[in-house]
Amino acid sequence: MGLLSKDIKTLDDLFVHGLQDIYYAEQQITKALPQMISKASDPQLKQAFESHLGETKQQIQMLEQVFRMHGQEAKGVTCPAIDGIIDEAQDIAGEVEDSQVLDAALLSAAQAVEHYEITRYGTLTAWAKQLGRQDCAQILHQIMEQEKATDEKLNRIAESKVNVRAA
Ligand SMILES: [Fe+2]
Ligand SMILES: [Fe+2]
């Protein structure tokens with residue numbers, strides 16, 4: 001963690017730290033998704049990853065806007081949680097040979113990422129509101145809704161075919 005816990009004294013400090021954490025996470029996701037796109041076989045899954053890569057790049061800009069609105073420089077702090085989720089995804093993907101089972105593995109890894117993002121954006125939205133930053137809360141909520149929509153889309157792809165074919 002770039003910011004030692006002793007440096008976090010107020011809810012505002014916590015909020016800024018949370019922004020830095022998710023800013024780093026979104027950047028790592030942007031680096032991981034192209035690999036997942038190239039490994040996915042199902043065209044719909046590939047397409048879902050591709051469209052979320054575009055969305056993720058926009059989210060990075062939206063976060064930069066939140067930093068600006070809050071008078072903070074946009075910077076990331078290492079987030080061990082997202083690093084762990086991505087590492088695990090890469091480990092599993094490297095071990096699966098069957099392309100249909102690999103799709104199921106990639107899809108589940110992507111859903112773990114989305115769930116992580118949903119919890120972080122949920123908290124950040126609540127803190128922004130508490131801090132009287134309705135403007136920041138609105139953007140953070142909007143990003144959370146994109147993550148939720150992605151998770152639901154992945155659910156539909158999993159249940160309608162990817163899991164079925166992997167079985
Ligand atoms: Fe995201
Ligand atoms: Fe996401």
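**Two iron sites in a predicted model**

Me: What spacing do the donors of the iron ion (ligand 2) follow along the chain?
Reply: This is a predicted model, where local features need pLDDT of at least 70, side-chain atom pairs count only at pLDDT 80 or more, and totals for chains, interfaces and linings use all residues. Residues are numbered from 1 along each chain as its sequence is written, chains are lettered from A and ligands numbered from 1 in the order written, and side-chain values use heavy atoms, without hydrogens and water. Donors are N, O and S atoms within 2.8 Å of the metal (3.2 Å for Na, K and Ca); water is not among the atoms, so sites may look incomplete. For the iron ion (ligand 2), the spacing is H-x61-E-x2-E-x29-E.

Me: How far from the iron ion (ligand 2) do its protein donors lie?
Reply: His52 gives NE2. Glu114 is listed twice through OE, and Glu117 and Glu147 each give OE. The range is 2.0 to 2.6 Å.

Me: How many residues apart are histidine 52 and glutamate 147?
Reply: Helices are DSSP runs (H or I, at least four residues), numbered from the N terminus. Histidine 52 sits in helix 2 (residues 43–69), glutamate 147 in helix 5 (residues 134–166). The pair links distant parts of the chain, 95 residues apart.

Me: Is histidine 52 buried or exposed?
Reply: Buried means under 20% relative accessible area, exposed over 50%, partly exposed in between (1.4 Å probe, protein chains only). Histidine 52 has 3%. That makes histidine 52 buried.

Me: Which residue bridges the iron ion (ligand 1) and the iron ion (ligand 2)?
Reply: The two ions lie 3.3 Å apart. The bridging residue has a relative accessible area of 0%. The bridge is glutamate 117.

Definitions and conventions:
Helices (H or I, at least four residues) and strands (E, at least two) are DSSP runs, numbered from the N terminus.
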